[in-house]
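Open the structure in your viewer and keep the selection tool at hand. The stops below say what to select and what is there.

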Amino acid sequence: MTLPASVTPELLAKLTGMVVSTSGRSYPLTEVYTGEKVLDLPQSSPEDVETAYAGARKAQAVWASWPLKQRIDVMKRFHELLLRDGLIIADLMQVETGKARRMAFEETCDVLMVTSHYIKAAPRILKEKKHGGVVPLVSTSTEVRVPKGVIGLISPWNFPFATSLSDAMPALIAGNGVVLKPDNKSTLNVAYGVGLLYEAGMPQGLVQIVCGEGPDIGSTIVENADFVMFTGSTATGRVIGAQAGQNLIGCTLELGGKNPLIVLDDANLDEVIPGTIMAAFLNTGQACMHIERIYVSEQRKDEFTQRFVEAAQAIGVDAKYDFSPDMGSLVSVPQRERIESHVDDAVAKGATVLTGGKARPDLGPAFYEPTVLTDITPDMILAKTETFGPVTSIYTYKTVDEAVALANDTDYGLNASVWGKDLKAAEAVGRRIEAGNININDGLAASYASKKSTSGGFKTSGVGSRHGDAGMLKYTDVQNVAVLKKQVLSNPPDTDWTKQVDQTVKGLRFMRKFGIR
Ligand code: NAD
């Protein structure tokens, strides 16, 4: 298969040249649609990671000294450059991940939306807050937001561009540097985005790229970081969280999900069916917020199942560098084997395959059909474990209370979706689900694309959050600068303490009564 025209040897050499690497080791990066090797991706050693931090720290000192407006101006230029080059990044993402082009392009839009949100919101979020101090009139206290320093940012392959660039954006605007470790499989598109930041005027060295498998360089990344932003599996999140705790640094962990969708009895299936198809199969089901469990009442199950299965069968799956396929490949052969093992286990234990359930070697080595299962029992692996592929299951419920209980019967709590015409009732059901994102009459995009709102995972789906004010403030330390115009807090040696206590009690009562402090 011919690589997209934009993916030239010169571009590939430029992108691999951005990786900090002296190890002499490499990773064979392949084109997912064919399994053919594209290049040898340089690997970083722990010493390279330390070099990357040293470089980022030097640049960060300069960057943090720039006025906020100057940093924002860089991001305005970056936004424009990303609008210019979105389709080149989509080319790279398709080569590396095998995702459908529509999804690859949409992923670049996430970074555009996050960037323009923080361009607008940063001056308000980072603004100093001046308060009256401990003693009225003679004292003040000011909250100052100080960048943490250098952020260790580790991202997965499923949404590599968004989980790298979107999460770096608030950190950078707040004045931090970043050492970024994308997944080996999906480094090139991320490097292209970092190149655009430099083209936009960011100081050289501020964002450093290191590459390697997690166990080889992960702990050096956390060891040297002032804060860690991690997106990936719950298992890896536990390792990173433990090390961050040991080092007494903060971290955000955006982890896995096993997300439920409830179809209420008054839901309009004309909207539910396409919405649920999107929610289950977007990005070939490799989305942390995608839907793996669908709950329909017994009375609507047959109607829903027939229409949903027909729609799943109509999904166009193909290996094309154009916008025609609805769905692309899984990311790799091991990922396809994981999906197969979940489905095979379910079938062996009595699950019914309503459609799909097979690999598509005729399309490429990692393709797998959109798959709908039912008759799921708790002993099946996919009943509780995240599958992370184009596989979803239909369950029935008798009462709404039962549907809510089933939706909550999971260790995860990332996303949930509820469909119904009575919006108040649907929202009330949604609020009972233990998840950080609740989408009413949508699968996942409505909450994820609301960049003003902070969101993150409940339960084992994560710690901390992204987007909104908290998504930027987490990359800062707060400094409380208190000023006394006159020293009135220390007591002279001859203080009459009986009088002093009496005056203090009266003063505290007065201040509470009149709302002064
Ligand atoms: P993963 O945890 O295996 O890898 C993610 C990243 O962590 C990769 O860059 C990997 O190299 C690195 N890594 C692995 N072991 C490490 C270690 N010991 N120390 C440091 N880094 C290490 O996850 P994955 O399978 O590549 O990604 C898919 C998972 O990510 C799914 O569980 C999905 O739900 C989750 N995810 C969550 C979100 C979210 O926002 N909550 C978004 C996308 C993906």
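Is Asp167 buried or exposed? Asp167 counts as buried, at 4% relative accessibility; buried means under 20% relative accessible area, exposed over 50%, and partly exposed in between, with a 1.4 Å probe and protein chains only.

Before going on, note that this is a predicted model, in which local features need pLDDT of at least 70, side-chain atom pairs count only at pLDDT 80 or more, and totals for chains, interfaces and linings use all residues. Residues are numbered from 1 along each chain as its sequence is written, and side-chain values use heavy atoms, with hydrogens and water left out.

**Stop 1: Asp167**

Select helix H5, residues 160-173, to find Asp167. Helices (H or I, at least four residues) and strands (E, at least two) are DSSP runs, numbered from the N terminus. Now add Arg466: its side chain and that of Asp167 are joined by a polar contact of 2.8 Å. A polar contact is a pair of N or O atoms within 3.5 Å; within protein, one must be able to donate a hydrogen and the other to accept it, and residues adjacent in sequence count only if both atoms are side-chain atoms. Not counting residues up to four places away in sequence, Asp167 also touches others, including Leu153, Met229 and Tyr475. Contact means heavy atoms within 4.5 Å.

**Stop 2: Glu254**

Select strand E9, residues 250-254, which contains Glu254. The unreviewed UniProt entry annotates Glu254 as "active site"; UniProt positions are given in the numbering used here, feature names are shortened, and annotations may be inferred rather than shown by experiment. Glu254 is buried, with a relative accessible area of 5%. Leaving aside neighbours within four places in sequence, the residues in contact with Glu254 include Met229, Gly232, Ser455 and Arg466.

**Stop 3: the ligand**

Show the ligand with the 24 residues that surround it; a residue is near a molecule if one of its heavy atoms lies within 4 Å of it. The closest are Ser155, Ser233, Thr236, Leu255 and Glu386. Which atoms of Ser233 and Thr236 should be picked? A polar side-chain atom of Ser233 lies 2.7 Å from an oxygen atom of the ligand. For Thr236, an N or O atom in the side chain is 2.7 Å from an oxygen atom of the ligand. Taken alone the ligand exposes 840 Å², and the protein buries 87% of that; accessible areas come from the Shrake-Rupley method with a 1.4 Å probe, and for residues only the protein chains shown count as cover. Helix H7 (214-224), strand E8 (227-231) and helix H8 (234-246) are the elements that give two or more residues to the shell.

**Stop 4: two loop residues**

Go to the loop between helix H12 (381-384) and strand E14 (391-397), where Phe388 lies. Phe388 is not a glycine, yet has a positive phi of about 65°. Phe388 counts as buried at 12% relative accessibility. Next, select Asn441 in the loop between strand E17 (437-440) and helix H15 (445-448). Its phi is also positive, near 60°, but Asn441 counts as partly exposed, at 25% relative accessibility.

**Stop 5: Glu298**

Finish in the loop between strand E11 (291-297) and helix H10 (301-313), where Glu298 lies. Glu298 counts as partly exposed at 45% relative accessibility. Add Lys398: the two residues are 100 residues apart along the chain, and their C-alpha atoms are separated by 6.2 Å.
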